[in-house]
Amino acid sequence: MKQVTAQAVLEQLRQIDESDRIEAKRASAIGESLLETVCAFANEPGLGGGWLLLGVVKASDTPGDYRVTGVADPDKLLGDLHSQCAGVFNVPVRIQARAETVDEGTVILVEVPEVDPASRPIYFANKPLPRSAWRRGPSGDYRCNQDDLAELYQGRSSQSFDATIVSDASLDDIDPDAIEYYRDARRAVNPTAEELSFSDDELLEALGAVARKSGQSRPTVAGVLLFGRRGALRRLFPANRVDYVRIPGKEWIEDPHNRFTTLDLRDTLPRLIQRSTAAVLDDLPRAFRLPEGEIRRGEKTVLPTKVVREAVVNAVMHRNYQRQQPIQLLRYSNRLEVQNPGYSLKALENLGEPGSQWRNPVIASVLHEMGLAETKGSGIRVMRRLMEEAGLSPPSFDSDRHNDQFSATYLFHHFLGEADIEWLGRFRHLGLGEDEQRALIFIRETGRITNSDYRDLNRVDTLAASQRLIHLRDLMLIDQVPRGAATYYVPGKELSGLSNGEEGILFSGLSQESEALSQESEALSQESEALSQESGGGASEQTYREQLLAELPDELRSELERIGQRSRDPQQIPRLIQALCALRPYGASELAVLLKRRRDYLHRQHIAPLLAENLVRYRFPGEPNRPDQAYMATKEQE
């Protein structure tokens, strides 16, 4: 294989700005921050390791503006780095590192491998767990909490989670009707299947639905989910449900009482798939057609039936059942979004290619035998083909490893129809390519677009998608928020019609209410950020802090007035964050001013762990990196 060079890694960093797999550091010496990144790259499941560029810094806030500062003594730095990586962690991390000349400066390129699951977690040997272990997220490195450790330790087991025994379950929790349901479905697929002659007990054991412990047969996770009684499902897996949410417009509405309706579906997985698919299909818009030579018109749903079923099956089969969170089917007026806990074990760019990576092999095998799921990795390819045949845009997918979430978007929209061409005519003078026009239609319908969305729409690679999105950004058609590994793009001034006097052009994906809220929050965030960066804690910052303090109850205000730069109580800062966020949503900049901490430090050390432990939550849960993001206390904390 061709060797990756420091120049190539730097060029990629400049093209896509920041990346969860690339980290640039000045690194004049081996400091704690550098080793934390090594630990995070080595630990993160599914990331494939990462690259460190030492002697390179972010020169400004301009996307892609990285400058080579160079390394003064590369031989010493290389020696220290290899020594530290071999001795400072509980398990040696075998990095590959070398010095190269780039832009007339010497940089060090470090390749950090993802360690074998049996070796995880990697952590600093002289510090206690869990906070001595690090993981990699879209905002950089973050300390592990107990949930992170549990996930990392799970990888040491050769047994999948769905094959583990449920401690509180017994054979009485298995529903004989569910077993018969399997037999009927299996018989329809293969009437001569050998297992159809087994007794119920033999069948359950053959399918991995039960396992033996101390000489007794006990239900596994897969056994309860596939064959459990309804009471057992609710008792043992309360979040194993599908929420079908019907939203009248194109945006998520904050008021749950008046703006959308929800249907909560609970059942064994095979029946849950069928019920969920039927709920969506019954509710989708229908297109009427009169085939040539026929006198009676027919109708079909705007999304092909097989696409809807595959979308539901994928969510059920690949979700992370260790997460207590339901699958959501969000039916907007112009699209269907499917969201499930559990990031994709297969890289997004490889979706649709032959071969599957199973998170739940026992469940996947049973669903396959019942004719509900394919296991060859062809499901997404089939969906893309069916959407294309229907004249629809291809589905787009997003995998968020940090939040352990996967989502798929299926537009009802027929791309580049007559109305679209007329709308795109406003931008004819810009000479946009067809793939860029597709991106504009997509963002008009959904309100945002990511690099992954662009790749799905146009079947291009990451760098090509990044270059074209940056081109659209430079034309002020879209805005980039934020600049980082989790970058996404929202409508810019030109696209929303706020420039060139075209005030009559309305961007269909934004409501005036949400736009005003975004502008207000962003202005507040920018004001706070500017004040917090002034040197020496000047008068402007102090005035702003006094304004924030004046809003607070006396007791809380008094404690914040006494707070110093260091706290002897490690729980003081987390407790104060929770208390503040129980009053109203607070942005990170506001919290930083009130708590006299740097914003990046506060987020890394305190806010991120609170989010992971569900002690605070995002104000905008679907968009964790939007610039006006704020934090609220969870219901338990309020």
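Ser214 sits out in the open: with a relative accessible area of 75%, this serine is exposed. The model is a predicted one, and in it Ser214 takes a backbone angle worth a look, since its phi is near 55°, a positive value in a residue other than glycine. Ser214 belongs to the loop that runs between strand E9 (210-213) and strand E10 (216-219).

Just before it comes Lys213, which is part of strand E9. Lys213 has a relative accessible area of 47%, so it counts as partly exposed, the class between 20% and 50%. Leaving out residues up to four places away in sequence, Lys213 touches Ile165 and Arg218. The link to Ile165 spans a good stretch of chain: the two residues are 48 apart in sequence, yet their C-alpha atoms lie 8.4 Å from each other in space.

Met476 is another non-glycine residue with a positive phi, in this case about 65°. It is placed in the loop between helix H16 (462-474) and strand E19 (478-481). With a relative accessibility of 45%, Met476 is classed as partly exposed. A positive phi also turns up right after helix H22, where Lys596 has a value near 60°.

Helix H22 itself, residues 588-595, is a different story as far as burial goes. Eight of its eight residues are buried, so the helix is largely enclosed by the rest of the structure. The buried set consists of Ala588, Ser589, Glu590, Leu591, Ala592, Val593, Leu594 and Leu595.

Turning to the backbone again, two cis peptide bonds deserve a mention. One joins Arg120 and Pro121, with omega at about 0°. The other joins Leu129 and Pro130, with omega at about 5°. Pro121 lies in the loop between strand E6 (105-112) and strand E7 (134-137), and Pro130 is found in the loop between E6 and E7 as well.

Strand E7, at the far end of that loop, holds Arg135. Despite its charged side chain, Arg135 is tucked away: its relative accessibility is 2%, and because anything under 20% is called buried, it falls in that class. Its side chain has polar partners, though. One polar contact, of 2.8 Å, joins it to the side chain of Glu44, and another, at 3.1 Å, goes to the side chain of Glu151. Both glutamates are also on the wider list of residues in contact with Arg135, which leaves aside neighbours within four places in sequence. The rest of that list is made up of Ala40, Pro45, Gly140, Asp141, Tyr142, Cys144, Asp148 and Leu152.

Now for the empty space inside. The structure holds three cavities of 30 Å³ or more, and the largest of them has about 370 Å³ of space. It is lined by 27 residues, of which Asn314, His318, Ser344, Leu351 and Ile380 are the closest to its centre. Four elements give two or more residues to this lining: helix H10 (305-318), strand E16 (335-341), helix H12 (379-389) and strand E18 (405-411). The largest share comes from H10, with five residues. Sorted by class, the lining of the largest cavity has twelve nonpolar and twelve polar residues, along with three charged ones.

Zooming out to the whole protein, the model has 23 helices and 22 strands. The protein is 638 residues long, and 50% of these residues count as buried. Among contacts with a separation of 6 or more, 61% are between residues 24 or more positions apart. The accessible surface comes to about 30,600 Å², and carbon and sulfur atoms account for 47% of it.

Notes
Residues numbered from 1 in each chain as written. Predicted model: local features only at pLDDT ≥ 70, side-chain atom pairs only at ≥ 80, totals over all residues. Heavy atoms only, no water. Buried < 20%, exposed > 50% of the residue type's maximum accessible area, 1.4 Å probe, protein only. Contact = heavy atoms within 4.5 Å. Areas by Shrake-Rupley, 256 points an atom, 1.4 Å probe, with all protein chains shown as cover. 1 Å grid on protein atoms, 1.4 Å probe; cavity = no way out; pocket = protein on both sides within 12 Å on 5 of 7 lines; lining within 4 Å. Points joined across faces, edges and corners; volume = space filled by probe spheres on them. Polar contact = N/O pair within 3.5 Å; in protein donor to acceptor, adjacent residues only side chain to side chain.
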